[in-house]
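Thank you all for making time this morning. I would like to walk you through one structure, and I will go slowly for those who have not seen it before.

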Amino acid sequence: MSKILKDRTEVKVRFGEVDSMGIVWHGNYVKYIEEGRESFGKKYGISYLDIYANKVMAPVVNMQIDFKKQVKYGDQLIIETKFIDTAAAKINFYFKIFRKSDNELVATAESTQVFIDMNREMLLYPPQFVLDWKKKVGLTA
């Protein structure tokens, strides 16, 4: 069984994130997912700045969100971000978003990022710093 890398962070729903019905507009979930990715990166030492310092970038190429419950202004959310390990030259995350007040699961999501060089060419193999990072955090021997 492989090691599971997970992070949890909290965000508060702001007034500007709700629609005319008083619920979070669906597009704002992308921001919450980004908060989860950033928090994960800081916790485990693979932030966007770490990636960029190694002269590569990691754009999002796929994202899927399943909405389960409504969220409204003032709600506190918990974003749980789980790293999905792969041998490919990409980063996969799985997200669960909970409403803090009742621990209700309000959304799940997945995102995929690929590695590209500074010329915006896609890398076919994981960069060496990613392989080193996986070793450092105990994903590989």
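Let me start with T9, which sits in strand β1, a strand that covers residues 6-12. What we have on screen is a predicted model, and in this model T9 has a relative accessible area of 19%, which is under the 20% cut-off, so T9 counts as buried. If we leave aside the neighbours within four places in sequence, the residues in contact with T9 are E35, G36 and S39, together with L77, I78 and I79.

With that residue as a starting point, let me step back to the protein chain as a whole. Its secondary structure comes to 3 helices and 7 strands, and if you follow the chain from the N terminus, the elements run in the order β-α-α-β-β-β-β-β-β-α. Taken along the principal axes, the C-alpha atoms fill a box of roughly 45 × 35 × 20 Å. Of the 141 residues in the chain, 43% are buried, and the accessible surface comes to about 8400 Å², with 52% of that surface belonging to carbon and sulfur atoms. Among contacts with a separation of 6 or more, 65% are between residues that lie 24 or more positions apart. As for charge, there are 22 positive and 18 negative side chains, and the centres of these two sets lie 3 Å apart.

Now to the interior. In soluble globular proteins, nonpolar side chains tend to be buried together. Here the largest nonpolar core has 32 residues, and those with the most contacts inside it are L5, Y32, F40, F83, I97, F115 and W133. The elements that contribute two or more residues to this core are helix α1, at 28-44, the strands β4, at 76-84, β5, at 90-99, and β6, at 104-114, and finally helix α3, at 128-136. The largest share comes from α1, which gives 5 residues.

Let us stay with W133 for a moment. W133 counts as buried because its relative accessibility is 5%. Neighbours within four places in sequence aside, W133 is in contact with L5, F40, Y44, G45, I46, F83 and L139.

That brings me to the aromatic rings, where the count comes to 10 pairs. A pair of aromatic rings is described by the distance of the centres and the angle of the planes. How far apart are the ring centres of Y29 and F67, and at what angle do their planes lie? The centres are 4.9 Å apart and the planes stand at 80°, so this pair is edge-to-face. The two residues come from distant parts of the chain, with Y29 in helix α1 and F67 in strand β3, residues 60-67, and their positions 38 residues apart. Y29 is buried, at a relative accessible area of 3%, whereas F67 is partly exposed, at 44%.

A second pair, F83 with W133, is also edge-to-face, at 5.3 Å from centre to centre and 80° between the planes. Because F83 lies in strand β4 and W133 in helix α3, this pair ties together parts of the chain that are 50 residues apart in sequence. F83 counts as buried, at 9% relative accessibility. Ring pairs also link F83 and W133 with F40, Y44, F93 and F95 into a cluster.

Next, a look at M57, in strand β2. M57 is buried, with a relative accessible area of 19%. The C-alpha atoms of M57 and M118 are separated by 7.1 Å, although the two residues are 61 residues apart along the chain. Sequence neighbours within four places again set aside, M57 is in contact with I51 and Y52, and also with V114, F115, I116, D117, M118 and R120.

Let me close with the backbone. Most residues other than glycine have a negative phi, and most peptide bonds are trans. Which way does the phi of K55 go, positive or negative? The value is positive, near 60°, in a residue other than glycine. K55 has its place in the loop between α2, at 48-53, and β2, at 56-57, and at 59% relative accessibility K55 counts as exposed. R120, which we met among the contacts of M57, has a positive phi of about 70° although R120 is not a glycine. R120 is found in the loop between β7, at 116-117, and α3, and R120 counts as exposed, at 62% relative accessibility.

Terms used:
Residues are numbered from 1 along each chain as its sequence is written. Side-chain values use heavy atoms; hydrogens and water are left out. Helices (H or I, at least four residues) and strands (E, at least two) are DSSP runs, numbered from the N terminus. Buried means under 20% relative accessible area, exposed over 50%, partly exposed in between (1.4 Å probe, protein chains only). Contact means heavy atoms within 4.5 Å. Accessible areas come from the Shrake-Rupley method with a 1.4 Å probe; for residues, only the protein chains shown count as cover. Lys and Arg count as positive and Asp and Glu as negative; His and the chain ends are not counted. The place of a charge is taken as NZ of Lys, CZ of Arg, CG of Asp or CD of Glu. A nonpolar core is a set of buried Ala, Val, Leu, Ile, Met, Phe, Trp, Tyr and Cys residues joined through side-chain atoms within 4.5 Å. Rings of Phe, Tyr and Trp (its six-membered ring) pair if their centres lie within 6.5 Å; planes under 30 degrees apart count as stacked, over 60 as edge-to-face and the rest as tilted.
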